[in-house]
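Please open the structure in a viewer and keep the sequence panel in sight. The tour below proceeds by selections, each followed by what is to be found there.

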Amino acid sequence: MARDTSFSYSFLVLPNDQRHAIGIVWDFCRAVDDAVDEASDPDAARVEIGKWRAEVSRLFSGLQPSTEQGLNLKPIAAQFKLTRKPFDDLVDGVEMDLDRNRYNTFDELVEYCKRVASAVGMMCIEIFGCRDAAARDYALNLGLALQLTNIIRDVAVDLKNGRVYLPQEDLAQFGVTDAMLREGRVTDPIRRLLAFECQRARELFTAAANAMSQSDVRKLMAAEIMGGIYFEILQRIEARGYDVFTDVIRVPKFIRARIALSIWARIQLSAFGIMSARA
């Protein structure tokens, strides 16, 4: 959840107050994430998670936050009428990384992805001013699509940390073992497994697109740019024959800029067409 450039390109299209608010939310989310990633041991990580859980409680009560991130977020939460549940979900999701490094089924993985990715999307759409059921469905599915794309791309990185996020039932279906993944070779079983997961991610991107209300298109421009950049990552994984072992697949800066400009132009033209039709 770091502020990497894939996200920063999407945030450039936001009004100043929303861009500032998203940055504050991102810093808070990153700090919660670091509670696990930078802790010296699992016990220390649990202590840190407890602190952030208490900080969320202070954010949505009359109590004063105790961290810099919480103090910065408190007025933002009030200004944009942010709700508490996505923040609780995020803490729960980060805590899941302490308890398990494998997921037996896709449904189990979805619950994890909802908490660490879709929850952040729910925070964002509230800042964008989208609060209806369609916007929540959009944020849910886009978050799942982004996180699954991350999981596919980062198979090798996660393995080094002792984690396999791809569902164990899927590995079994295609005859793939952890040992085969560690070899770092794209064998036919691994190719078929990753093609299957990429198709799942494509379906989630489509579900997000289908959930979007036409009235929210301009409000969700930043999210659409983010989705466009991650869809490019997905396409690059497929174009490389699912080789996620040689290096981490990234989108060059000029391609990210081109995607952002293209989506901005498409949405602007679409909005102009709607206004012209109404005139």
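## First stop: helix H5

Begin by selecting residues 85-99, which form helix H5. At 1.5 Å a residue, the 15 residues of this helix should span 21 Å, and its end C-alpha atoms are 21 Å apart, which agrees. The model is a predicted one, and the values given on this tour are computed from it.

Which residues of H5 are buried? They are Pro86, Phe87, Asp89, Leu90, Val91, Gly93, Val94, Met96 and Asp97. Display the surroundings of these side chains: the buried residues of H5 pack against helix H2 (16-37), helix H3 (42-59), helix H4 (68-79) and helix H6 (106-128).

## The loops on either side of H5

Next, select Lys81, in the loop between H4 and H5. Lys81 is exposed, with a relative accessible area of 61%. Its phi is near 55°, a positive value in a residue other than glycine. For context, most residues other than glycine have a negative phi.

Now move to Arg102, placed in the loop between H5 and H6. Arg102 is partly exposed, its relative accessible area being 22%. Not counting residues up to four places away in sequence, Arg102 touches Gly162, Arg163, Val164, Gln168, Asp178 and Arg182. Select Ser66 as well: 36 residues separate Arg102 and Ser66 along the chain, and their C-alpha atoms are 34 Å apart.

## The pair H6 and H7

Select H6 together with helix H7 (residues 133-153). Two packed helices are described by the angle between their axes and the distance between the axes. For H6 and H7 the angle is about 120° and the axes are 7 Å apart. That angle makes H6 oblique to H7. The crossing in which H6 passes H7 is right-handed.

To see the contact itself, show the side chains on both helices. On H6, the residues are Phe106, Leu109, Val110, Tyr112, Cys113, Lys114, Val116, Ala117, Ser118, Gly121, Met122 and Ile125. On H7, they meet Ala135, Arg136, Ala139, Leu140, Gly143, Leu144, Gln147, Leu148 and Ile151. Coloured by class, the contact of H6 with H7 shows 15 nonpolar, 4 polar and 2 charged residues.

Within this contact, pick out Ser118, found in helix H6. Is Ser118 buried or exposed? Ser118 is buried, with a relative accessible area of 2%. Leaving aside neighbours within four places in sequence, Ser118 is in contact with Cys113, Ala139, Leu140, Gly143 and Leu144.

## Helix H11 and its surroundings

Continue to H11, a helix of 24 residues. At 1.5 Å a residue, H11 should span 34 Å; its end C-alpha atoms lie 35 Å apart, which agrees. Its buried residues are Ile190, Leu193, Leu194, Glu197, Cys198, Arg200, Ala201, Leu204, Phe205, Ala208 and Ala211. The cover over these buried residues of H11 includes H6, H7, helix H8 (155-160), H9, helix H10 (178-183) and H12.

One residue of H9 merits its own selection: Asp170, which lies in that helix (residues 168-173). Asp170 is buried, with a relative accessible area of 2%. What does Asp170 contact, leaving aside its neighbours within four places in sequence? The residues are Leu193, Phe196, Glu197 and Arg200.

## The pair H11 and H12

Keep H11 (residues 188-211) selected and add helix H12 (residues 221-239). These two helices pack at an angle of about 155°, with their axes 11 Å apart. That makes H11 roughly antiparallel to H12. H11 passes H12 in a left-handed crossing.

From H11, the contact uses Cys198, Ala201, Arg202 and Phe205. From H12, it uses Gly227, Tyr230, Phe231, Leu234, Gln235, Ile237 and Glu238. By class, the contact of H11 with H12 comprises 7 nonpolar, 2 polar and 2 charged residues.

## Last stop: Tyr242

Finally, select Tyr242, in the loop between H12 and helix H13 (253-278). Tyr242 is buried, with a relative accessible area of 14%. Although Tyr242 is not a glycine, its phi is positive, at about 70°.

Conventions: Residues numbered from 1 in each chain as written. Predicted model: local features only at pLDDT ≥ 70, side-chain atom pairs only at ≥ 80, totals over all residues. Heavy atoms only, no water. Axes fitted to C-alpha atoms, helices over the stretch in contact; angles between N-to-C directions. Helix = DSSP H or I, 4+ residues; strand = E, 2+ residues; numbered from the N terminus. Parallel < 35°, antiparallel > 145°, perpendicular 65-115°, else oblique. Left-handed = near helix turned anticlockwise from the far one by under 90°. Contact = heavy atoms within 4.5 Å. Nonpolar A, V, L, I, M, F, W, Y, C, P; charged D, E, K, R; others polar. Expected span 1.5 Å × (residues − 1). Buried < 20%, exposed > 50% of the residue type's maximum accessible area, 1.4 Å probe, protein only.
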